[in-house]
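Reader: I should like to learn how a protein structure is read, one feature at a time. Where may we begin?

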Amino acid sequence: MSITALDGKRFAEMVIQGANHLAANAKMVDALNVFPVPDGDTGTNMNLSMTSGAKEVKNNVQEHIGKVGVSLSKGLLMGARGNSGVILSQLFRGFSKAVESKAEISAKDFAQALDAGVETAYKAVMKPVEGTILTVAKDSAKKGVQASQKSNDIIAVMEEVVKEAKASLKRTPDLLPVLKEVGVVDSGGQGLVFVYEGFLAVLKGEKLPESPITPSMDEMVNAEHHKSVQSHMNTADIEFGYCTEFMVRFEADKVTKHPFDEGNFRNDLSKLGDSLLVIADEDVVKVHIHSEQPGEVLTYGQKYGNLINMKIENMRQQHSNIVGDTHTASGTNLSEAPKELQEYGIVTVSMGSGIAELFKSIGAHAVIEGGQTMNPSTEDIVKAVKEVNAKKVFILPNNKNIIMAAQQAADVSDEEIYVIPSKTVPQGLSALLAFNPSTDVRANESAMMDALQHVKTGQITFAVRDTQIDGLEIEKDDFMGISEGKIVIKNKDKENAAKDLLSQMLDEDSEILTIIYGEDVTEEEVTSLTQFVEENFADVEIEVHNGGQPLYSFIFSIE
């Protein structure tokens with residue numbers, strides 16, 4: 001049997017089978033992630049991305065392969081999650097562009113389209129790294145082009161593509177030392193192999209192992225991940241009801257009378273509420289606080305200069321609107337008015353109700369719940385951008401695996417979007433605090449980008465498997481301390497791991513430590529950790545927030 005021409009219907013079958021085969025093996029791909037952290041989600045991201053593409057194809061099956069390719073590209077583009085999903089979408093975006101005008105394609109057309117996809121994907125990645133899905137795609141496409149020069153049989157070409165993809169995958173540890181150290185092949189490359197195996201099975205009329213019963217994409221995407229973070233608390237539980245934000249522009253005569261000291265300023269305000277954040281430079285101090293008496297807060301700030309950019313919001317009323325209460329405490333019926341067009345909008349990503357609240361309280365207009373274990377898709381981000389209804393929108397991904405999806409959202413959206421490539425929650429918070437609504441967009445972009453460089457991030461999580469990395473022998477369930485993305489500490493005890501990590505990260509230049517604790521942390525553990533810092537790093541100011549985040553017991557921000 002040989003196939004010399006490929007039409008849209010057969011290609012649609014290939015896409016659907018490729019998506020199904022990847023879905024059946026998504027957990028295996030997840031397990032190949034280098035870091036033994038519980039949010040290794042390459043397989044999940046590629047699965048959801050490819051499933052989105054296949055779903056669009058199912059709805060547009062026809063003879064014309066170019067039109068089927070357009071549907072695949074559209075579905076993948078909007079459903080792309082994480083770096084691996086975005087790269088997958090770019091591979092088939094280039095493929096689809098190459099066949100867009102064709103009703104059917106030859107073996108040579110097919111191979112050249114795979115190669116065009118590789119070119120598109122490499123252009124989409126700012127700093128391509130060899131030993132990844134890109135390398136597997138490149139090597140296999142090159143072999144496909146060579147095979148198409150010898151044979152006009154699409155099956156024969158696809159067999160060579162799959163054979164070389166598997167060989168290239170085996171070589172990935174030779175190109176990326178960290179893969180060799182951990183003893184795995186590249187997870188994204190393995191995901192692509194599963195897709196290509198599905199393609200080949202359809203061409204040859206073979207059946208692959210049945211997919212296990214798993215939730216549908218819609219069930220996975222629309223589950224707990226999309227519930228309002230506000231629904232987990234009661235309006236009556238809000239102790240400090242007014243979110244108060246303002247800036248003080250220093251005045252010489254007032255500062256002479258009341259010399260400004262950031263530490264004293266922060267300590268004084270801390271007595272008037274919670275969720276306090278303070279950032280200052282030579283000219284202004286920016287404040288966010290939840291307080292029951294916002295007037296007292298403003299009066300205190302006014303001791304040092306003129307108040308500017310003031311905003312006070314009733315959080316109890318906001319919470320009632322969000323969770324769907326029909327009445328406020330006063331009995332007034334509420335209906336949400338359409339949002340007016342704003343000059344600026346801020347869209348950010350976070351996991352954990354406390355972190356989401358923190359971002360909203362310091363100026364984020366939309367918080368997409370996601371990050372660990374569930375990266376938002378390009379479409380999720382585009383929808384959030386539209387919802388804020390602003391002329392200019394800044395996106396803070398807060399996760400290195402979401403940056404590409406955010407950039408892709410900026411490319412496909414009609415709105416004016418600026419992606420600030422924050423890789424962690426502390427970086428995102430720092431960038432948001434640097435935002436000034438009274439300055440122009442370029443000044444804000446510059447200030448927010450600069451803010452990323454002035455904060456260090458530490459994280460405590462647990463190992464999901466035994467491994468050896470960066471000279472550390474890590475056993476399953478060990479607690480790991482991660483500093484700036486690198487595992488530097490392991491310990492059987494969570495609290496000791498946190499103390500060890502802080503001992504490494506805090507130094508004489510450290511001024512402010514923000515502790516964001518997760519859902520598995522007790523108040524006793526938080527108290528013990530803060531006492532440890534106070535006893536050993538007396539000059540460091542400490543701020544504590546209940547982030548409620550899963551998987552990561554502690555997130556540390558050090559400035």
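**Cores, sheets and a helix**

Author: Let us begin with one residue and its surroundings. In this predicted model, Tyr196 touches Phe92, Leu114, Ser140, Met158, Val161, Val162 and Ala165, leaving aside residues up to four places away in sequence.

Reader: To which larger feature does Tyr196 belong?

Author: In soluble globular proteins, nonpolar side chains tend to be buried together. Here the largest nonpolar core has 114 residues, and Phe110 and Tyr196 are those with the most contacts inside it. Helix 10 (residues 187-204) gives the most to this core, with 9 residues. A second, separate core has 22 residues, including Ala497, Leu513, Val526 and Val533.

Reader: What share of the whole protein counts as buried?

Author: Of its 559 residues, 55% count as buried. The accessible surface comes to about 24,800 Å², and 47% of that belongs to carbon and sulfur atoms. As for secondary structure, the protein has 22 helices and 18 strands.

Reader: How should one read a sheet, and in what order do the strands of the 6-stranded one lie?

Author: One follows the strands from one edge to the other. The order is 15-14-11-18-16-17, in an open sheet with mixed pairing. Strand 15 (486-491) and strand 17 (541-546) each have a single partner strand, so each of these edge strands has one side without a neighbour in the sheet. From one strand to the next, the twist averages 20°. Helix 13 (residues 262-270) packs on this sheet, where it touches strand 16 (512-517) and strand 17; the direction of helix 13 makes about 40° with that of strand 17.

Reader: Which strands pair with strand 11, and in what sense?

Author: Strand 11 (residues 456-462) pairs with strand 14 (residues 479-483) in the antiparallel sense over 5 bridges, and Thr461 stands opposite Met480 in strand 14. Strand 11 also pairs with strand 18 in the antiparallel sense, over 5 bridges; there the bridge partner of Thr457 is Ser557.

Reader: What covers strand 18: one face or both?

Author: In a regular strand the side chains alternate between the two faces of the sheet. In strand 18, both faces are covered: Phe554, Phe556 and Ile558 are buried on one side, and Ile555 and Ser557 on the other. Strand 18 (residues 554-558) thus has 5 of its 5 residues buried. It is also joined to strand 16 by 5 antiparallel bridges, with Ile516 opposite Ile555.

Reader: How does the sheet of 4 strands pair?

Author: That open sheet has parallel pairing and the order 8-7-9-10. Its edge strands, strand 8 (366-369) and strand 10 (416-419), each pair on one side only. Strand 7 (residues 342-350) and strand 9 (residues 390-396) run parallel and are joined by 6 bridges; Gly345 stands opposite Val393 in strand 9. Helix 18 (residues 403-412) packs on the sheet, touching strand 9 and strand 10, and its direction makes about 160° with that of strand 10.

Reader: Which residues of helix 14 are buried, and where do they lie around its axis?

Author: An α-helix has 3.6 residues a turn, so residues three or four places apart point the same way. In helix 14 (residues 294-301), the buried residues are Pro294, Val297, Leu298, Tyr300 and Gly301. Seen down the axis of helix 14, they fall within an arc of 160°, so they line one face of the helix. These buried residues pack against strand 3 (242-250), helix 13, strand 5 (284-291) and strand 6 (305-314).

How values were computed. Residues are numbered from 1 along each chain as its sequence is written. This is a predicted model: local features need pLDDT of at least 70, side-chain atom pairs count only at pLDDT 80 or more; totals for chains, interfaces and linings use all residues. Side-chain values use heavy atoms; hydrogens and water are left out. Two strands pair if DSSP finds at least two bridges between them. Helices (H or I, at least four residues) and strands (E, at least two) are DSSP runs, numbered from the N terminus. Axes are lines fitted to C-alpha atoms, for helices over the stretch in contact, and angles run from 0 to 180 degrees between N-to-C directions. Contact means heavy atoms within 4.5 Å. Buried means under 20% relative accessible area, exposed over 50%, partly exposed in between (1.4 Å probe, protein chains only). The arc is that of the directions from the helix axis to the C-beta atoms. Accessible areas come from the Shrake-Rupley method with a 1.4 Å probe; for residues, only the protein chains shown count as cover. A nonpolar core is a set of buried Ala, Val, Leu, Ile, Met, Phe, Trp, Tyr and Cys residues joined through side-chain atoms within 4.5 Å.
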